[in-house]
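Dear colleague,

Please find below the structure that I am handing over to you, together with its sequence. My findings follow directly after it.

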Amino acid sequence: MIKKYSVKKLLNQGKFLLNKKVLVEGWIRSFRYSIFISLNDGSTIQNLQIVLSTNKLDKIIMKKITIGSSIRVIGIVKKSIGKKQYIELQSLDITIYELVNPKILQKSILQPKRHSFEKLREQAHLRFQTNIFSCIMRIRHHIAFCIHKYFHEHGFFYLHTPIITTSNCEGTGKMFQITTMNLKKNQFIDYEKDFFKCKTYLSVSGQLEAETASLGLGKVYTFGPVFRAENSNTSRHLSEFWMIEPEIAFYHLEENINLAEKFLKFVIRYIVENSMEDLIFLNQCLERWKKKKKNYLLDKLELILKFPFKKISYTETIKILDQEEKKKNIKFSHPIIWGMDLKSEHEQYLVDKYFKKIPVIIFDYPCSIKAFYMRMNNDGKTVRAMDILFPEIGEIIGGSQREERYDMLLQRMKNTNIDFNKLWWYLDTRRFGSVPHSGFGLGFDRLVQFITGMNNIRDVIPFPRTPNNAEF
């Protein structure tokens, strides 16, 4: 029985397999001088060099082979004469699974030349076979894996919260409605006749449900898709995206802030240690295409790990921005006023310019710009909220200590026009041994975007869902 190897495993263990017969399968990335095939199976960015023999069978195959074709190869592992690889595979037998018509190939993104990211998105079903996107997807996998690893090792329980909901967690923003009824304009809709007998939506967050679980299990986290119907056609927004939302009982804001920083650093350190091959390739692409400086991506990630995050209150933030505007004669598009919601321009100036690309944690925001469930401070004006801002992309985490006091939560819901008849169950948890508790939400796709250095969030998710686009 001939043992089958992935390209990655064969390249990693090649020196122990010299002169052994092995089997590999994959897609042809290049075919040079009618003798050298570069084979890739998606397990690594590196290709395996296949050397064709001069027997009759291989000569017949030579005439058929095209880039993108899928093949099965049995061969002998040999030490390579070339400098680019340590081993190569001397072919004994090749089976062609499927050939690609050269005319079709020329019209696809698999044609061996540089394509724009926009072009790759047009053929999203094929971009997994490109070097750049396969790199991003492998890194995305490792980020997801180490998120589960971190929480498991720290005593959290993974919770599956519902995708279908009757409430808007944030109290703001548009949601996708779900119905089996035929909705006609200007016609009264009796939702008692709908599938769920009420108005339902795709969820924007699993936080409220996770909170209830934390008040019995202690530490929980969600990791799943959420949906927002805002018409935001930007490089930082998706209509369907993935969120990580830990909720922890007996946690105050300071502990929540420390958890978020340790968690982010754990993820980035894990990727640096386990995805270096793909990071180096992405770094080279960014140097060539985006004219980024040498080791830009790796230096950016190392900077996150090197220094503690800067921690400042919202009030301090407003003072800094106001002083900077006056001192350096900067003109922000949105005026600096206490009580305003910080815009992208303010966040990016603070992180990229003022704190020189070190992440910033802003806490104690005005209650008027934050959600109803955040714990009110003693000043009656601010809440125990926190946001983490990263260089280049802005907010990556939003969280808070939750309001655990029944009367205060009820009043906040009234003040912000939240229908507490729909959220009676959430309010009810405050009557059954309520405790201080905290949590945060991390946009998974935005974290992938930061780690991979991609300009557009649509290039870090397999099939992006955005306004006017739900293809594939």
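**Findings**

Residues 24 or more positions apart supply 67% of the contacts in the chain that have a separation of 6 or more. Please bear in mind that this is a predicted model.

*The chain as a whole*

The chain contains 14 helices and 16 strands, and its C-alpha trace spans about 85 × 60 × 45 Å along the principal axes. Of its 472 residues, 51% count as buried. The area that the chain exposes comes to about 23800 Å², and 53% of that area is supplied by carbon and sulfur atoms. As for charge, there are 73 positive and 49 negative side chains; the centres of these two sets lie 9 Å apart.

*Aromatic residues*

The structure holds 24 aromatic pairs. One pair is formed by Trp 425 and Tyr 426, with ring centres 6.2 Å apart and planes at 80°. Planes over 60 degrees apart count as edge-to-face, and this pair is therefore edge-to-face. The two residues may also be described by their accessibility: Trp 425 is partly exposed, with a relative accessible area of 24%, whereas Tyr 426 counts as buried, at 0%. The cut-off that applies here is that buried means under 20% relative accessible area.

An aromatic cluster is made up of Tyr 150, Phe 151, Phe 156, Tyr 158, Tyr 221, Phe 263, Phe 266 and Phe 440.

Two lysines are placed over aromatic rings. Lys 300 lies over the face of Phe 450, at 4.2 Å from the ring centre. In the other case, the charged end of Lys 370 sits over the ring of Tyr 365, 4.3 Å from the centre of that ring.

*Helix 6 and its surroundings*

Helix 6 comprises residues 207–217. Which of its residues are buried? They are Gln 207, Leu 208, Glu 209, Ala 210, Glu 211, Ala 213 and Ser 214. The cover over these buried residues includes strand 7 (164–165), strand 10 (219–227), strand 11 (240–249) and strand 16 (437–443), along with helix 13 (424–428). Trp 425 and Tyr 426, the edge-to-face pair described above, fall within the residue range of helix 13. After helix 6 comes Gly 218, which has a positive phi, near 90°.

With kind regards

Methods: Residues are numbered from 1 along each chain as its sequence is written. This is a predicted model: local features need pLDDT of at least 70, side-chain atom pairs count only at pLDDT 80 or more; totals for chains, interfaces and linings use all residues. Side-chain values use heavy atoms; hydrogens and water are left out. Helices (H or I, at least four residues) and strands (E, at least two) are DSSP runs, numbered from the N terminus. Buried means under 20% relative accessible area, exposed over 50%, partly exposed in between (1.4 Å probe, protein chains only). Contact means heavy atoms within 4.5 Å. Accessible areas come from the Shrake-Rupley method with a 1.4 Å probe; for residues, only the protein chains shown count as cover. Lys and Arg count as positive and Asp and Glu as negative; His and the chain ends are not counted. The place of a charge is taken as NZ of Lys, CZ of Arg, CG of Asp or CD of Glu. Rings of Phe, Tyr and Trp (its six-membered ring) pair if their centres lie within 6.5 Å; planes under 30 degrees apart count as stacked, over 60 as edge-to-face and the rest as tilted. A charge sits over a ring if NZ of Lys or CZ of Arg is within 6 Å of the ring centre and within 35 degrees of the ring normal.
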